[in-house]
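Welcome to this short briefing. Have the structure open beside you as you read, and take the topics one by one.

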Amino acid sequence: MQWMIYGANGYTGELIAREAVAAGAQPILAGRSEEKIAPLAKELGLSHRVFGLDDAAQVAGKLSDVGLVLHCAGPFSATSAPMIEGCLAAGAHYLDISGEIQVFEHAHAQAVRAAEAGIVICPGVGFDVIPTDCVAVTLKQALPDATHLALGFDSRSGFSPGTAKTSVEGLADGGRVRRNGEITRVPLAWRTRTIDFGDGDKLAMTIPWGDVSTAFYSTGIGNIEVYLPGSPRLIKQARRANYVRWLLGLAPIQRMLKRRVERSVRGPDAETRARQPTYVWGEARNAAGRTVTARVRTANGYSLTVSGALAISRYLMENSVEGGAYTPAMLLGPQLVEQLPDSTPITVSEA
């Protein structure tokens, strides 16, 4: 099966492309810019294609001989929908490394179309959301009648340019949780609690992470919150931002902030990634008040994205899978995270 990495010139896309070649794979590299894609493809000895995502018919044409696309060009709020349309038309599996709630919701809304086309649509095949998704499914198996799910992670990975731009968009959108099955808008840092993610107790706040969407499809649990550690000062700053969200959402402000990201954000280097693991935590509770907790330690978020995206790509290229929309744990099971480099087994305990 021929496969493609779109957005291979970005920080994470390039990491994935280099690791794929090191493992003996030969993906087609693709993106919008000949100037950025061609040198990398030449260096790695790979073929490349240059096309934008503005014309769905053109996208489908560029994918006519491709069986799988690993989409790495964010912000995915702008790029995922046209690439999904191209994959549906071309009959190519669609994977991405998004963490954006609206992207997950749109992707899972295409489940019937994906089944009819015989393709898999599985967004979030990186740190967003493999570890938390696997923890969510593990907790559902441990407590089948769970009604509430809380997830979170303690990561010191730093930001890539793409992640930073997505965060800029997120400031204007505010917080999200799931309540009684529905995604609900809440203020930034809506709730706080003290959590031991696996490295000691830390104050944490709610964030609009992708699992607010994906964990519902993976587990059916209707009440979901996601937490990230934050100092009292950071939490106060997040809460103050609620008063100026309207300003942060203005197009000129968004452009200014994203230009600043492009000038100043580079993403962590290999040494930094190697010495910064991530701690992932989850808690499920049922109507009777029984509570079960799960934890796992993983590699740095970007390193896990590389290994996770390639593992799922290989799986789809080597196995026949029924068409439809999936989360990572729906596709490969909750043991997926344990099989990735530098991950520990998931531990489960009664709270």
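Which residues touch the most other members of the largest nonpolar core? This is a predicted model, and in it the answer is I16, L29, L70, L149 and L331, out of 69 residues in that core. The points below start there and then turn to a hairpin and a helix.

**Nonpolar cores**
- Helix α14, which spans residues 301–318, supplies the largest share of the largest core, with seven residues.
- A separate core of 21 residues lies apart from the largest one, and its members include A30, F51, V59 and A114.
- If you would like to look around L29, set aside its neighbours within four places in sequence: L29 is then in contact with I5, A8, A17, I37, L40, A41, L44, L46, S47, H48 and R49.

**The β8–β9 hairpin**
- Strand β8 (residues 175–179) is mostly covered, with four of its five residues buried.
- Five bridges join β8 to strand β9 (residues 182–186), and the pairing is antiparallel.
- Within this pairing, G175 stands opposite V186 in β9.
- Two residues lie between the strands of this hairpin, and N180 in the turn has a positive phi of about 50°.

**Helix α9**
- Helix α9 (residues 211–219) is largely enclosed by the rest of the structure, because seven of its nine residues are buried.
- The buried residues of α9 are D211, V212, S213, T214, A215, S218 and T219.
- G220 comes just after α9 and takes a positive phi of about 80°.

Technical notes:
Residues numbered from 1 in each chain as written. Predicted model: local features only at pLDDT ≥ 70, side-chain atom pairs only at ≥ 80, totals over all residues. Heavy atoms only, no water. Core = buried A, V, L, I, M, F, W, Y, C linked by side-chain atoms within 4.5 Å. Buried < 20%, exposed > 50% of the residue type's maximum accessible area, 1.4 Å probe, protein only. Contact = heavy atoms within 4.5 Å. Pairing = 2+ DSSP bridges.
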